[in-house]
Amino acid sequence: MDRFLTADDLAKTLRQDVREGLTGTPKTLPSKWFYDERGSALFEEITKLEEYYPTRREREILTARAPDIAAATGARTLLELGAGSGEKTRLLLDALSGTLRSYVPVDVSGDFLEEAAAGIAADHPDLTVHAVVADYEQHLHLLPTGERRLIAFLGGTIGNMPPATRVGFLGGLRATMGEGDFLLLGADLVKDTGRLVRAYDDAAGVTAEFNRNVLRVINRELGADFDPAAFEHVARWDEAEEWIEMRLRSTRDQDVRVSGLDLTVPFAAGEETRTEISSKFRRERMEAELGAAGLETAAFWTDAADDFCLVLARPTLD
């Protein structure tokens, strides 16, 4: 397993993100800090909720289209960004078994990644599994290259990037791709506002706990004294940007001490801190952004309800 990201790197990035986010106007915190062990378990619970459709819809498309993906790409290497547990990846691994020689899962959590990679290696003994601990937004140029790669970026995670960051990321990804490489991109689609909001504000309050978990991470890692119960979960649809925003709203005037940064942060009653954006796409917007990055659409698939899409893209021919 290669490590381009250490625990010290993560700690440094957390300190920088929290300082910049909590001293900015308006306040923000990056969504990647939701995902400690508790946060990851909460997200797994979210994916099973009736209101949260993206995981089910993406799996539906993969189940139906994995043979088409294998036929179109003939991939010898599957490189997965933000691999996580690799559950959906198994659909691709099975479909690609005729050509695939190596699987490269990439994630920031080394312990979790090692466990998931070991499970896949045990189930696919003929496959070389080469796990990489890295931040795919920073380390694209360091990731393994190879013949006929299929780069998978699933789960709608592309929507968590602001548009300018997203276009830069896709351009950086394109710069690493050679002839015969493909990108498989999962993205959520624009739909009824009520359904979108409910997916991020479930009746059981699981997403609210997931949102507040970022405060618990900061408490533990940076010696802060956030009272998570003093912040309300807010999920709002931004019509102009076509994204869902998750926020934490302070229920009272309060000062929070972050000892690890020697920082005291005032919150006014009703003040909101943005913790996540989740962009939703229309086909023309997705293809325009891919085109701007030097990628062209080879296939565009949706589930039966047109809730989610998988886009298979390749480098544009000069």
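Let's start where two helices meet: P163, R166, V167 and L170 of α6 make contact with R285, E289 and L290 of α9. Sorted by character, the residues of this contact comprise 4 nonpolar and 3 charged, with no polar ones. Do keep in mind, as you look around, that this is a predicted model.

A pair of packed helices can be described by the angle between their axes together with the distance separating those axes. Here, helix α6 spans residues 163-176 and helix α9 spans residues 283-292, and they pack at about 50° with their axes 9 Å apart. An angle from 65 to 115 degrees would count as roughly perpendicular and one under 35 degrees as roughly parallel; α6 and α9 are therefore oblique to each other.

Now let's move to strand β2, which covers residues 77-81. This strand is mostly covered, with 5 of its 5 residues buried. In a regular strand, side chains alternate between the two faces of the sheet. In β2, T77, L79 and L81 point one way, while L78 and E80 point the other way, and all are buried.

Which strands does β2 pair with? One is strand β3 (residues 102-107), which runs parallel to β2 and is joined to it by 5 bridges. Within β3, P105 is the bridge partner of E80. Strand β6 (residues 149-153) also runs parallel to β2, with 4 bridges joining the two. There, T77 has R149 as its bridge partner.

Finally, follow the chain from β2 to β3 by way of helix α4 (residues 89-95): these three elements make a right-handed β-α-β unit.

Note on methods:
Residues are numbered from 1 along each chain as its sequence is written. This is a predicted model: local features need pLDDT of at least 70, side-chain atom pairs count only at pLDDT 80 or more; totals for chains, interfaces and linings use all residues. Side-chain values use heavy atoms; hydrogens and water are left out. Axes are lines fitted to C-alpha atoms, for helices over the stretch in contact, and angles run from 0 to 180 degrees between N-to-C directions. Angles under 35 degrees count as roughly parallel, over 145 as roughly antiparallel, 65 to 115 as roughly perpendicular and the rest as oblique. Contact means heavy atoms within 4.5 Å. Ala, Val, Leu, Ile, Met, Phe, Trp, Tyr, Cys and Pro count as nonpolar, Asp, Glu, Lys and Arg as charged, and the others, Gly among them, as polar. Buried means under 20% relative accessible area, exposed over 50%, partly exposed in between (1.4 Å probe, protein chains only). Two strands pair if DSSP finds at least two bridges between them. A crossover is right-handed if, with the strands pointing away from the viewer, the path from the first strand over the helix to the second runs clockwise.
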